[in-house]
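Student: I'm new to this one and would like a close look at a single part. Could you take me to one spot and then show me how the rest connects to it?

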Amino acid sequence: MRVPPDAHNDELILTVQNAFTKLQEFITPRFLWGRFHIVHFDGGIQIDDMYIYSNYISRLTSRGDECILLAATLGHETDRQISIAQQKNMLDGLALDACASVMIDSCIDGFIKSEIMPSLRQNERMTHRFSPGYGDLSMNVTEDIIAVLDATRRIGLSVTRSLMMSPIKSVTAITGLYRNN
């Protein structure tokens, strides 16, 4: 007997809704950011002693001489709960993992709107955020952002030898700052 496609969709929607509800029980979002002067060079930017070789980041920050470095995490308990869910039921674990990915992005967007944007100077704007591992921005930059922000000590965020962040549901990013005259 074939089950109508709508029954599968309803079950999947319920699984995702349950995953989002479950996330609320244990996530501990933590954020860290800093404003930094940048020096542009051909093919990248310099922040303090950190050199970022990326044509994309060079273009992203080309309208100004400052940027924001950002780090965020949902915490180690999120990783633990995803692992437990995957061991019990792979679909539930997959849904929890995917929803946690959506949740960290949503939390970052909310943090930017509530904490960073109000701190901007008059007529100052932010570019969109861009994370290591996209385009020509090397994953190695993750280590640099974590080090510059002292994110290991301050919010418990670190990076493994294979450049995976721990906790896994974490994000580092760069955004440019510019004047809108």
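Tutor: Let's start at Pro167, which sits in the loop between β8 and β9. Keep in mind as we go that this is a predicted model. What joins Ser166 and Pro167? The link is a cis peptide bond, with omega at about 0 degrees. That catches the eye because most peptide bonds are trans.

Now step back along the chain to the loop on the other side of β8. Leu163 is found there, between β7 (158-159) and β8 (165-166). Is Leu163 buried or exposed? Its relative accessible area is 17%, so Leu163 counts as buried. If you set aside neighbours within four places in sequence, Leu163 touches Met139, Asn140 and Glu143. Compare that with Thr152: Leu163 is 11 residues from Thr152 in sequence, and their C-alpha atoms are 14 Å apart in space.

Two other loops are worth a visit for their backbone angles. Asp150 lies between α5 (140-149) and α6 (151-155), and its phi is near 55 degrees, a positive value in a residue that isn't glycine. Asn123, in the loop between α4 and β6 (124-126), also isn't a glycine and has a positive phi of about 65 degrees. These angles are worth pointing out because most residues other than glycine have a negative phi. As for their surroundings, Asp150 is partly exposed, with a relative accessible area of 29%, and Asn123 is partly exposed too, at 35%.

From the loops, let's go inside. The largest nonpolar core has 25 residues, and those with the most contacts inside it are Leu23, Leu74, Leu96, Ile108, Ile116 and Met126. Which elements give two or more residues to this core? They are α1 (5-26), β5 (66-73), α3 (76-88), α4 (90-116) and β9 (170-179), so you can see that β9, which follows the loop of our starting proline, is on the list. The biggest giver is α4, with 11 residues. Take Leu74 as an example: leaving out residues up to four places away in sequence, Leu74 touches Ile27, Thr28, Pro29, Ala100, Met103, Ile104, Cys107 and Lys169. There is also a second, separate core of 23 residues, and Leu60, Cys67, Ile155 and Leu157 are among them.

Since α3 and α4 both feed the largest core, have a look at how they meet. They pack at an angle of about 155 degrees, with their axes 5 Å apart. The two helices are therefore roughly antiparallel to each other, and their crossing is left-handed. On the α3 side, the contact is made by Thr78, Gln81, Ile82, Ala85, Gln86 and Lys88. On the α4 side you'll find Met90, Asp92, Gly93, Leu94, Leu96, Asp97 and Ala100. Together the residues of this contact divide into 6 nonpolar, 4 polar and 3 charged. Leu96 turns up here and also in the list of residues with the most contacts inside the largest core.

Finally, zoom out to the whole chain. It has 6 helices and 9 strands, and its C-alpha atoms fill a box of roughly 65 × 35 × 30 Å along the principal axes. Of its 181 residues, 43% are buried. Among contacts with a separation of 6 or more, 72% are between residues 24 or more positions apart.

Technical notes
Residues are numbered from 1 along each chain as its sequence is written. This is a predicted model: local features need pLDDT of at least 70, side-chain atom pairs count only at pLDDT 80 or more; totals for chains, interfaces and linings use all residues. Side-chain values use heavy atoms; hydrogens and water are left out. A nonpolar core is a set of buried Ala, Val, Leu, Ile, Met, Phe, Trp, Tyr and Cys residues joined through side-chain atoms within 4.5 Å. Buried means under 20% relative accessible area, exposed over 50%, partly exposed in between (1.4 Å probe, protein chains only). Helices (H or I, at least four residues) and strands (E, at least two) are DSSP runs, numbered from the N terminus. Contact means heavy atoms within 4.5 Å. Axes are lines fitted to C-alpha atoms, for helices over the stretch in contact, and angles run from 0 to 180 degrees between N-to-C directions. Angles under 35 degrees count as roughly parallel, over 145 as roughly antiparallel, 65 to 115 as roughly perpendicular and the rest as oblique. A crossing is left-handed if the near helix is turned anticlockwise from the far one by less than a right angle, and right-handed if clockwise. Ala, Val, Leu, Ile, Met, Phe, Trp, Tyr, Cys and Pro count as nonpolar, Asp, Glu, Lys and Arg as charged, and the others, Gly among them, as polar.
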